[in-house]
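Subject: Structure for your review

Dear colleague,

Please find below the structure that I am handing over to you. My findings follow it, and I would ask you to read them with the structure open beside you.

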Amino acid sequence: MNSFFMPSRVIFGQGCIQENTRLIRKLGRKPLIVTGKSSAKKSGALDDIIAALEELNQEYVIFDKIVENPTLDSVAEGRAICKNNRCDYVIAIGGGSPIDAAKAIAVLGKNNIRLRDIFDPNFYDVALPIIAVPTTSGTGTEATPYSVITDVERSKKAGFGSPAIFPNISFCDPTYTCSMPAKVTRDTGIDALSHLLEGLYSNKREKLTYPLIYKGVRLVIDNLKTAIKEPNNLKARAAMMQAALYGGMVISHSSTTLQHSIGYPVTTVFGVSHGLSNGIFMKAMMELYYPHIKRELDDLFENIKMTKLEFYAWLDDFKLDAPEMEMTEEFISKRVKEVMGSRNMALNPFEVSQKQIEQLYRDLIK
Ligand code: NAP
Ligand code: ZN
């Protein structure tokens, strides 16, 4: 049996906010605009949203304190601002961090639950309406029912998923991604690639998404290097935004696997970006999984007209090495257990052992 479910309305293309302002009105009266420190302004997206809200005569409140790998504390602050100002929908502008934080705020803005209850979707079925305006091409959160939040107190990064947090509308305008620095472009592009591959790795893989995977991987291969070298190349930026969107649609079905959970501690402990924390392990993960999903991966390479070795050579050009980090025995003992306990371990194409995870860390992080 096959099934495809992605209820977000995606409006894709240059000028999509200006041309679809009327759609915003249907979501509410007063939005909380959730952003990071500067990307919403630098990208031009905040100006476009404010112009649209002024056209609709809507008041708004801006909460611009979301940091990379958004924290539970910032989500709590956002909830307070949302409630105190009686905001009835959220507009998230930025990369995955502000969009994921806004999803969590939307849950807390609608439900009278404790802060950490967001991690258990049994506590809620609804959220405030959400508009997502991505300024990176990576996470695909504009088309997923997921949010990833870091609990600093417990030193843990964890995701949650609920159909309630699929954005109602995602405005995907590739011009907003032109201001991304080269490293952010690279790391987010690798994250998108990771999602696409995980659509095949996961034992929840969904055949209906395979055309998106093949097309998405090809788009990344053909455009990521250009987007890095020529930041204002709109064709390459649009192609990357499309690939990231496909990646989101794909993991909405397959979820992610060890390829993602192995990177989370590298982000929380060493501060490595989300995309790079996937990239460090990308080749090793494919090698580990390959014998168990040979048919799926052979079909992928046939469809993208590339061999596995050519793909590895292409990947090598990005130099996705771990920055200098001191791997300690404490890291190994604590974090391997954490990874083993993560929900997406159940989705690997075979039962990966504690020893194999330990080996991956020892081999790839010096
Ligand atoms: P991000 O953490 O949102 O942003 C990374 C950096 O890039 C920030 O410094 C940000 O600046 C900057 N930036 C973003 N857009 C820019 C632009 N157009 N111009 C200039 N600078 C820009 O990066 P991300 O990789 O998109 O998101 C990562 C987060 O998403 C992680 O927490 C990850 O776990 C999560 N994630 C979620 C899903 C999901 O389905 N929900 C899937 C995968 C990953 P500002 O600080 O000023 O914004
Ligand atoms: Zn990711």
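A residue is called buried when its relative accessible area is under 20%, and exposed when that area is over 50%; partly exposed covers what lies in between. Please keep in mind that this is a predicted model. By this cut-off, histidine 195 and histidine 260 are both buried.

**The zinc ion**

These two histidines belong to the site of the zinc ion (ligand 2), which is coordinated by Asp191 (OD), His195 (NE2), His260 (NE2) and His274 (NE2) at 2.1 to 2.2 Å. Along the sequence, the donor residues follow the spacing D-x3-H-x64-H-x13-H. Histidine 195 is part of helix 7, while histidine 260 is part of helix 10 (residues 258-261), so the pair ties together parts that are 65 residues apart in sequence. The angles among the four donor atoms run from 85 to 171°, and the site is irregular. For reference, ideal angles at a metal are 109.5 degrees for four tetrahedral donors.

**Ligand 1**

Which residues are closest to ligand 1? They are Ser38, Ser39, Gly96, Ser97 and Thr136, out of 31 residues that surround the ligand. Sorted by class, this shell holds 18 polar, eight nonpolar and five charged residues.

Several polar backbone atoms approach ligand 1:

- Glycine 96 has a backbone N or O atom 2.7 Å from an oxygen atom of ligand 1.
- Lysine 37 has a polar backbone atom 3.3 Å from an oxygen atom of ligand 1.
- Methionine 180 has a polar backbone atom 3.4 Å from a nitrogen atom of ligand 1.

On its own, ligand 1 exposes 930 Å², of which the protein buries 91%. Two or more residues of the shell come from each of helix 3 (39-43), helix 6 (96-110), strand 6 (146-151) and helix 7 (182-201).

Threonine 136, one of the closest residues to ligand 1, sits in the loop between strand 5 (130-134) and strand 6. Is threonine 136 buried or exposed? Its relative accessible area is 13%, so threonine 136 is buried. The C-alpha atom of threonine 136 is 15 Å from that of proline 70, although their positions lie 66 residues apart along the chain.

**Histidine 253**

Histidine 253 is located in helix 9 (residues 234-254). Because its relative accessibility is 13%, histidine 253 counts as buried. Its side chain reaches the backbone nitrogen of phenylalanine 5 at 2.8 Å, and also the backbone oxygen of methionine 249 at 2.8 Å.

**Loop residues**

Most residues other than glycine have a negative phi. Two residues in loops are therefore worth a look in this light. Serine 155, which is not a glycine, has a positive phi of about 50°; serine 155 is in the loop between strand 6 and strand 7 (156-161). With a relative accessibility of 25%, serine 155 counts as partly exposed. Lysine 305 also has a positive phi, near 55°, and is in the loop between helix 14 (294-304) and helix 15 (308-316). Lysine 305 counts as exposed because its relative accessibility is 70%.

Finally, arginine 205 is in the loop between helix 7 and helix 8 (210-229). At 25% relative accessibility, arginine 205 counts as partly exposed. Its C-alpha atom is separated by 36 Å from that of glycine 28, a residue 177 positions away along the chain.

Yours sincerely,
A colleague

Key. Residues are numbered from 1 along each chain as its sequence is written. Chains are lettered from A and ligands numbered from 1 in the order in which they are written. This is a predicted model: local features need pLDDT of at least 70, side-chain atom pairs count only at pLDDT 80 or more; totals for chains, interfaces and linings use all residues. Side-chain values use heavy atoms; hydrogens and water are left out. A residue is near a molecule or strand if one of its heavy atoms lies within 4 Å of it. A polar contact is a pair of N or O atoms within 3.5 Å; within protein, one must be able to donate a hydrogen and the other to accept it, and residues adjacent in sequence count only if both atoms are side-chain atoms. Accessible areas come from the Shrake-Rupley method with a 1.4 Å probe; for residues, only the protein chains shown count as cover. Helices (H or I, at least four residues) and strands (E, at least two) are DSSP runs, numbered from the N terminus. Ala, Val, Leu, Ile, Met, Phe, Trp, Tyr, Cys and Pro count as nonpolar, Asp, Glu, Lys and Arg as charged, and the others, Gly among them, as polar. Donors are N, O and S atoms within 2.8 Å of the metal (3.2 Å for Na, K and Ca); water is not among the atoms, so sites may look incomplete. Four donors count as tetrahedral if all angles lie between 85 and 135 degrees; four count as square planar and six as octahedral if opposite donors are over 155 degrees apart and all others between 65 and 115; anything else is irregular. Buried means under 20% relative accessible area, exposed over 50%, partly exposed in between (1.4 Å probe, protein chains only).
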